[in-house]
Amino acid sequence: MSAINAALRPLFDLLLAPFRGMPAIVGVTLFSLIFGVVALWLVKLTSNPEKVDAAKRKVAAGLLEIRLFNDNLGIIFKAVGSILRHQAAYVGHLLVPFVLMVLLFLPLIAQLQFHWGYQGLQEGDSVLFKVVLQDDWQTRTGSDGADGVPRPSLELELPDGLSLASPPVWSPSEHEMAWQMRADAAGQHEVGVRLGDATHVKKIGVTDRVERLSPERLEAGFTNQLLFPAEPSLGADSAIEKIGLRYPERDVWFFFWRTHWIIVFLVLSILFALILRGPMGVTI
Amino acid sequence: MVALALGAVAPAGAYIGPGAGFALVSSFAVIFVTAILAFIFILIWPFRTFWRILRHRKKPKPLVKRLIVVGLDGQDPLLTDRFMQEGKLPNFEKLAQQGSYKRLRTTFPSVSPVAWSSFSTGTHPAKHNIYDFLDRDRKTYLPILSSTRIGSVEKHLKFGKYQIPLHKPELRLMRKSKPFWTILGEHNIWSTVLRVPITFPPDKFYGAQLSAMCVPDLLGSQGTFLLYTTRPAGERFKEGGLRIGLSTSNGTPDSFESAIEGPENPFLQDASAMTIPMQIELDRAAGRARVTLNGDVVELETGKLSDWVKLSFSAGPGVKPSGMTRMLITEMGEHFSLYLTPISIDPENPAMPISHPSYFATYLAKKIGPYSTLGLAEDTWALNEGITDDGVFLEQTYDIDREREEMFFASMEKLKQGSLVCVFDATDRIQHMFWRYLEDGHPAARGIDSPEHANAIEKLYEHNDALVGRVMDKLRDGDVLLVLSDHGFASFRRGVNLNSWLHANGYLTLKEGADGADEWLTQVDWSRTKAYALGLTGMFLNIKGREAQGTVEPGEEADALKAELIERLSGLTDEEAGEVGITEVFDTHKLYGGPYIGNAPDLLIGYKRGYRTSWDCATGVVAGPVFEDNVKAWSGDHCVDPRQVPGVIFSSHAIDSDDPALMDIAPTALRLFGVEPPAHMEGVPIFEQSSFGGAAATKEEAQ
């Protein structure tokens, strides 16, 4: 997964570069169209249109049957059973493209989420920067802490453009160290987090443009890389579990509706697919 | 609904693409709609039931639970007897032994639209107003459909070359009197009526109905086939076909561009036709063609009839009248020809009201798949014109029969109580087209040695027998099954041109210099004409005050003329064949009476078996001989003296009537459900009430 993400990150940076200065809805619309087309193509390639159509027809027949024979409870109940059976068959006939879409689209959607899902920090913003350690961080680092109280010797290396607004606060029960950080200048900054001999870098975006933003850099793991692909993982033997900060969430305007981009993406890609299924000759 | 579904989707990570999105959203939608519909109908069911009980406090006491009527249009008693004696119809035999088998008197005339109208209303034509396929316009003397008036839109809102129709065109069923399913419905008894002739536009009653005979194709005609061909234009088709020349495109002999012409665009003032561009690419070596329509590709193989191909025309945004056709490459040698069946109205999205309720046609299409909706669905004209062959015609006919059977059994399964009537047309169509092989020396079989489908009619009767067997297997306790035909069948060897006879004998006069070769009596000098023949069995007097240019005074003069014509035409001899061509001519006013007798032909011609109105006479041509050989594939007919072509009736319950008639079925249906037949019905029930012993027939009786 790490290798795939390593390839996808620059690819999506490149693909989305033309949209950086534009409202997010522009990119969302274009990618909805592309995903709609690809999805239709997948359905065309991997499903049986006759069976899909037959299932749809039977469902429609069942609905009309309820209307037609509305004096006959027996027929109504049978029709309901038939509808549910054929709807299950319909979903079943689309299972292969369904699975393929999950496999193909989830990593791609995850990439898009870190471009369109968050807003960058603005100059003057303060944000809580947190480092969470593993449960066994002491064993991994060989540190007992000062005065018998366990406390990691975590240090930050701040670039120009970022500064600390307060000393760190250590929460022993959470194994979490937190700093109040201030954004002084725009840019994609790299903060060094040093624990013992190891140093990890966390990117922080101070920008008002649509760019890749990573709220968390996580320990190694398939799921972590699948869902948080915006930065490489921390490494399997790292004593740090997570380095993160909270970016404000970005909503997009869709006509008179302000909502999460994924909702707009879902609606638009379904609409595009609906429009294009005829010309593409796809039964869905 | 979509919003509801979206609300259930957690934004990040939950989305997996439009395909899955469709499945997810539509599944939510379907389950939601199903639940709501079921909930609503279950909720209101007690109230509806209570309301029905309240409205029909005098509930009739039915003798049966279900009445199943299978109509086999044109099944002939003589052939039925013959095949039964040969042991080829075991299920008919079984049904006859368990109940009854009798001749069924048909109507005057013995023509399907008349006969089935009497079947459904229990009356003579003078009360239901249908006398033939065709009637005449009294002003112009031109033929019009007798059963349906399809009007045009008179008021429009006009913008430049565009217009918006301000009302729907008039669409009226001309059949009068109430059919028995309407009366049953008034007593809260459900009926499903499938493809019974003369039900377009459909009746509105408590039940469901799919229209039949006289439902037009998408072009508004009664069935216009299309032939795209590279052959040079020849004579135009006389019966319901259009020839469209093909010319090559792209400079290659294997590529053609043309268009399928649909109905007129109602939004254009010039009423130009909507079209679908059609590209044809031939692979001559493989004998195949690729036809592209609106981006959809249809692969065709020479001699093989395609499945239904949907044709969606565009009249404007969101207005897309939709039809269906089947395609066949009839030749791919020096010349290429592509045949298209008449464009049926798409039942899934009907452009005209072809069912009651309106969504019943859609329901059937969803249930069983696409099916032919055209009134006369089997393309007899294409076979008559030699465009298709016997094999293709049989394939088409049996495919339509299969569609019918599927909708019949689907409806039978849903019928808990009430009546189900379905008419199967294959018997009529196949006998019309294959009678020439049934007897020696038929003029239409000249030059055809050892035809491949010589026993098509025998196979047809066996096919019907198998159908009856399947129906009997599905009967339940309390069912009565009637299998019947509207008339029998006879040979059609010789055609009689009565207009030619009238002309030769001074009753019909042509305009100066006219030769009478033009169709639809357009060369007749009406001011000097006393009588004319129109339709398949009728003859009209040119009555003053009735016809626009009438010459015969009503009353004594008309009666005298009628008597004279009856005397001269009854027993009219075909000198060439040495046979009598007309057994008797009937005065309709003496046959029956009723409020619509004024619309009846004045005389009905009772042809002898073997004779019928000639093709020329049927199309209003005066020229030519009075008697001539019929050499068309349409070689059997029933438009003869009705006494010579009774139908058949098989019943799972013993018939009490000695001489049952088709007209008796409507009052019988009412009686079976405990409804007293209304006084205006002339038919009488064929079962005695006492024969049911107060209880319905059991399945054991029927088995």
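1. Helices here are DSSP runs of H or I with at least four residues, strands are E runs of at least two, and both are numbered from the N terminus. Counted in this way, chain B holds 19 helices and 35 strands, while chain A holds 8 helices and 11 strands. The model is a predicted one, and the points below should be read with that in mind.

2. On overall dimensions, chain B has a radius of gyration of 27 Å, which agrees with the value near 27 Å that a compact globule of 703 residues would have. The C-alpha atoms of chain B occupy a box of roughly 90 × 80 × 55 Å along the principal axes. For chain A the corresponding comparison does not come out level, since a compact globule of 284 residues would have a radius of gyration near 19 Å, whereas chain A has 25 Å. The box filled by the C-alpha atoms of chain A, again along the principal axes, is roughly 80 × 40 × 35 Å.

3. On burial and contact range, buried residues make up 52% of the 703 residues of chain B and 36% of the 284 residues of chain A. Of the contacts in chain B with a separation of 6 or more, 65% are accounted for by residues 24 or more positions apart. In chain A, 69% of the contacts between residues at least 6 apart in sequence join residues at least 24 apart.

4. Chain A is divided into domain 1, which consists of residues 2–117 together with 253–280, and domain 2, which covers 126–248. The C-alpha centres of domain 1 and domain 2 of chain A lie 37 Å apart, and the contact between these domains takes 18 residues from domain 1 and 13 residues from domain 2. On the domain 1 side, helix 1 (2–16), helix 2 (24–46) and helix 5 (95–116) of chain A each supply at least two residues, and the largest share, 7 residues, comes from helix 5 of chain A. By class, this side of domain 1 has 9 nonpolar, 6 polar and 3 charged residues.

5. Chain A also contains an open sheet of 3 strands, in the order 2-6-7 and with antiparallel pairing. Strand 2 (154–157) and strand 7 (198–206) of chain A stand at the edges with a single partner strand each, so one side of each is left without a neighbour in the sheet. From one strand to the next, the twist averages 25°. Strand 6 (residues 187–195) of chain A pairs with strand 7 of chain A in the antiparallel sense over 9 bridges, and within strand 7 of chain A the residue opposite A:H189 is A:I204.

6. The contact between the chains takes 47 residues from chain A and 36 residues from chain B. On the chain B side, helix 2 (11–14), helix 3 (18–55) and helix 9 (360–368) of chain B each contribute at least two residues, with the largest share, 18 residues, coming from helix 3 of chain B. The side of chain B that touches chain A has 23 nonpolar, 8 polar and 5 charged residues.

7. Helix 6 (residues 112–121) of chain B deserves separate attention, as 10 of its 10 residues are buried, among them B:W116 and B:F119. What covers the buried residues of helix 6 of chain B includes helix 7 (125–128), helix 8 (180–186), strand 23 (418–424), helix 12 (426–434) and helix 18 (665–672) of chain B. Just after helix 6 of chain B, B:G122 takes a positive phi of about 70°.

8. Strand 20 (residues 336–340) of chain B is mostly covered, with 4 of its 5 residues buried. Strand 19 (residues 327–332) of chain B runs antiparallel to strand 20 of chain B and is joined to it by 5 bridges, and these two strands form a hairpin with 3 residues between them. In this pairing B:L328 stands opposite B:Y339 of strand 20 of chain B. Strand 11 (residues 225–229) of chain B likewise pairs with strand 20 of chain B in the antiparallel sense, over 4 bridges, and the bridge partner of B:L226 in strand 20 of chain B is B:L340.

How values were computed. Residues are numbered from 1 along each chain as its sequence is written. Chains are lettered from A and ligands numbered from 1 in the order in which they are written. This is a predicted model: local features need pLDDT of at least 70, side-chain atom pairs count only at pLDDT 80 or more; totals for chains, interfaces and linings use all residues. The radius of gyration is taken over C-alpha atoms; the globule rule is 2.2 Å times the number of residues to the power 0.38. A residue is buried if 20 or more other C-beta atoms lie within 10 Å of its own, exposed if 12 or fewer, and partly exposed in between; C-beta atoms are placed from the backbone. Two residues are in contact if their C-beta atoms, placed from the backbone, lie within 7 Å. Ala, Val, Leu, Ile, Met, Phe, Trp, Tyr, Cys and Pro count as nonpolar, Asp, Glu, Lys and Arg as charged, and the others, Gly among them, as polar. Domain bounds come from an automatic or database domain assignment. Two strands pair if DSSP finds at least two bridges between them. Axes are lines fitted to C-alpha atoms, for helices over the stretch in contact, and angles run from 0 to 180 degrees between N-to-C directions.
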